[in-house]
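Subject: Structure handover

Hello,

Here is the structure I promised to pass on. Please open it first, then read my notes below.

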Amino acid sequence: MRDDDRPDDEHRRPAGVDDRTVSALGRLSEALETVERARGHLYGLHQMIGHADLMLDDVVAQFRAAGHHQLADRIETDLIGRNVIAGRWTFQIVEDFDDGYYARFRELDRQARTELVGGRRHLYEAEMKERRRSHGRPGHEARPVERGPDVEPGA
């Protein structure tokens, strides 16, 4: 195999690292990716609740205009600005998650990679790519192809 058709050093297994270690690191990475997705949903919740809370200003105004002042008052005092979890708005939930569980998960992932494979990322996936790609075929390169400044992408 040509050297330029091999993964770069950052995506090659260091000498002495066994399959079980690469597999475990791959699974840890997959778990972190799942947490990343959950974090995105948490930020989605944060934005959606914030948007809904701001929409309630219009709701209150419309109920007042329709003569439903008591209902408008209840929404204004009982719902607008209410904590979504005891003592917390969603920004506080996001901050607690980011500073606690999420930060620790990322740190342990980084520590595992540093201790076991010199910090390399996605070794499991890089090795899967090597097994699954059609070596030597366009579109199946091991890494990005170096192009000159005058070459159009996709050319």
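**What I found**

Leucine 45 is a good place to start; it sits in helix 1, which covers residues 19-65. Keep in mind that this is a predicted model.

**A surface patch**

Leucine 45 is partly exposed, because its relative accessibility is 39%, and the cut-offs for that class are 20% and 50%. Leu45 joins Ile49, Val84 and Ile85 in a nonpolar patch on the surface. Together these residues have about 300 Å² of accessible area.

Isoleucine 85 lies in the loop between helix 2 (69-78) and helix 3. With a relative accessible area of 45%, isoleucine 85 is also partly exposed. Its C-alpha atom is 44 Å from that of glutamate 127. Those two residues are 42 apart along the chain.

**The cores**

In soluble globular proteins, nonpolar side chains tend to be buried together. Which residues make up the largest nonpolar core here? There are eight: Leu32, Val35, Leu42, Ile93, Val94, Phe97, Tyr102 and Phe105. Helix 1 and helix 3 are the elements that each give two or more residues to this core. Helix 3 gives the most, with five.

Isoleucine 93 is worth a look. Leaving out residues up to four places away in sequence, isoleucine 93 touches Leu42, Val84, Ile85 and Arg88. Leu42 is a fellow member of the core, while Val84 and Ile85 belong to the surface patch.

A second, separate core has six residues. Among them are Val17, Val22, Leu25 and Ala112.

**A buried aspartate**

Aspartate 109 is in helix 3, which covers residues 90-117. Is aspartate 109 buried or exposed? Its relative accessibility is 7%, so aspartate 109 counts as buried; the cut-off is under 20%. Beyond its neighbours within four places in sequence, aspartate 109 is in contact with Leu28, Ser29 and Leu32. Leu32 is also part of the largest nonpolar core.

**Helix 4**

Helix 4 covers residues 123-132. Its buried residues are Leu123, Ala126 and Glu130. Seen down the helix axis, they fall within an arc of 60°, so they line one face of helix 4. That buried set packs against helix 1 and helix 3. The face turned away from the buried side carries Arg131 and Arg132, both exposed.

**Salt bridges**

How many salt bridges are there? The count comes to 13. Here are some to find in the viewer.

- Arginine 133 and aspartate 5 meet through their side chains, at 3.1 Å from N to O. This pair links distant parts of the chain, 128 residues apart. Arginine 133 is in the segment after helix 4, and aspartate 5 is in the segment before helix 1. Both residues are buried. Asp5 and Arg133 also share a network of salt bridges with Glu130, one of the buried residues of helix 4.
- Aspartate 73 pairs with arginine 64, and their closest N and O atoms are 2.7 Å apart. Aspartate 73 is partly exposed, at 35% relative accessibility. Arginine 64 is partly exposed as well, at 25%.
- Aspartate 9 pairs with arginine 12, with 3.5 Å between the closest N and O atoms.

Best wishes

Notes: Residues numbered from 1 in each chain as written. Predicted model: local features only at pLDDT ≥ 70, side-chain atom pairs only at ≥ 80, totals over all residues. Heavy atoms only, no water. Patch = residues over 30% accessible without salt bridge, like charges linked within 9 Å, V, L, I, M, F, W, Y side chains within 5 Å. Areas by Shrake-Rupley, 256 points an atom, 1.4 Å probe, with all protein chains shown as cover. Salt bridge = Lys/Arg side-chain N within 4 Å of Asp/Glu carboxyl O. Helix = DSSP H or I, 4+ residues; strand = E, 2+ residues; numbered from the N terminus. Buried < 20%, exposed > 50% of the residue type's maximum accessible area, 1.4 Å probe, protein only. Contact = heavy atoms within 4.5 Å. Core = buried A, V, L, I, M, F, W, Y, C linked by side-chain atoms within 4.5 Å. Arc of directions from axis to C-beta.
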